[in-house]
Amino acid sequence: MKPKIFKLVASQIKKLIQPAGGCIASDKITVEEFPVVYMYREEHDSGWRFYSGTETQEYIDNADNLTIYNVNTIANYDSAIIPYLELDEGTDKFKFIEA
């Protein structure tokens, strides 16, 4: 596996939200810089999972394409998620992007 080159480096991450625990996000967001289009919340850690909406099932099934992050890190990649972070477990949210 080749090393991941993230679009943001640690010095670029600002505190945007209160501590919210860990989450899982796709490399499509953190490496390829796609916006978050789909997010859902489970019962684990913070529960949040973040995807660009471009991932195939095969892509998601490859654990090398997903990484555990602090939720604040993903908020730095796409601050549009912030208003939804207090939603209950079992919540899913789509964000539609205009072409």
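How many helices and how many strands does the chain have? I started my notebook with that, and the count gave three helices and five strands. One caution to myself before going on: this is a predicted model.

**Entry 1: the overall layout**

I followed the chain from the N terminus and wrote down the order of its elements as β-α-β-β-α-β-α-β. The chain has 99 residues, and 36% of them count as buried. For the outside, I noted an exposed area of about 6300 Å², with carbon and sulfur atoms supplying 53% of it. I also looked at contacts between residues at least 6 apart in sequence, and 74% of these join residues at least 24 apart.

**Entry 2: the core**

Next I looked up the largest nonpolar core, which has 15 residues. The ones with the most contacts inside it are Cys23, Val36, Met39, Phe50, Ile74, Ile81 and Leu85. I then asked myself which elements each supply at least two residues of this core. They are strand E1 (22-26), strand E3 (48-51) and helix H3 (71-77). The largest share comes from H3, with four residues.

I picked Ile74 for a second look. Leaving out residues up to four places away in sequence, I found Ile74 touching Cys23, Ala25, Thr30, Val36, Phe50, Tyr69 and Ile81.

**Entry 3: strand E2 and its partner**

Strand E2 covers residues 38-41, and I checked which side chains sit on which face. Met39 and Arg41 make up the covered face, while Tyr38 and Tyr40 are on the uncovered one. The general rule is a handy reminder here: in a regular strand, side chains alternate between the two faces of the sheet.

I then went from E2 to E3. The two strands run antiparallel and are joined by four bridges. Starting from Tyr38, I found its bridge partner in E3 to be Tyr51.

**Entry 4: Arg49**

Is Arg49 buried or exposed? Arg49 is buried, because its relative accessible area is 5% and the cut-off for buried is under 20%. This arginine lies in strand E3, so I wanted to see what its side chain meets. I found two partners worth writing down. The side chain of Arg49 reaches the backbone oxygen of Gly47 at 3.5 Å. Arg49 also meets the side chain of Glu42 in a salt bridge, at 3.3 Å from N to O. Glu42 itself counts as partly exposed, at 29% relative accessibility.

**Entry 5: the other salt bridges**

How many salt bridges are there by this rule? The count comes to three, and the Glu42 and Arg49 pair is one of them.

Another is formed by Asp27 with Lys4, where the closest N and O atoms are 3.1 Å apart. This pair links distant parts of the chain: Asp27 is in helix H1 (residues 27-30), Lys4 is in the segment before E1, and they are 23 residues apart. I checked how covered each end is. Asp27 counts as buried at 7% relative accessibility, whereas Lys4 counts as partly exposed at 24%.

I also noted Lys28 with Glu32, which form a salt bridge with their closest N and O atoms 3.8 Å apart. Lys28 is buried, with a relative accessible area of 14%. Glu32 counts as partly exposed at 40% relative accessibility.

**Entry 6: two loop residues**

I stopped at Glu33, which has a positive phi of about 65° although it is not a glycine. Where does Glu33 lie? I placed Glu33 in the loop between H1 and strand E2. This residue counts as exposed, because its relative accessibility is 52% and exposed means over 50%.

My last stop was Asp64, in the loop between helix H2 (57-61) and strand E4 (66-70). Asp64 is partly exposed, with a relative accessible area of 39%. I checked its spacing from Ser26 as well: the two are 38 residues apart in sequence, and their C-alpha atoms are 9.3 Å apart in space.

Key: Residues are numbered from 1 along each chain as its sequence is written. This is a predicted model: local features need pLDDT of at least 70, side-chain atom pairs count only at pLDDT 80 or more; totals for chains, interfaces and linings use all residues. Side-chain values use heavy atoms; hydrogens and water are left out. A nonpolar core is a set of buried Ala, Val, Leu, Ile, Met, Phe, Trp, Tyr and Cys residues joined through side-chain atoms within 4.5 Å. Buried means under 20% relative accessible area, exposed over 50%, partly exposed in between (1.4 Å probe, protein chains only). Contact means heavy atoms within 4.5 Å. A polar contact is a pair of N or O atoms within 3.5 Å; within protein, one must be able to donate a hydrogen and the other to accept it, and residues adjacent in sequence count only if both atoms are side-chain atoms. A salt bridge is a side-chain nitrogen of Lys or Arg within 4 Å of a carboxyl oxygen of Asp or Glu. Two strands pair if DSSP finds at least two bridges between them. Accessible areas come from the Shrake-Rupley method with a 1.4 Å probe; for residues, only the protein chains shown count as cover.
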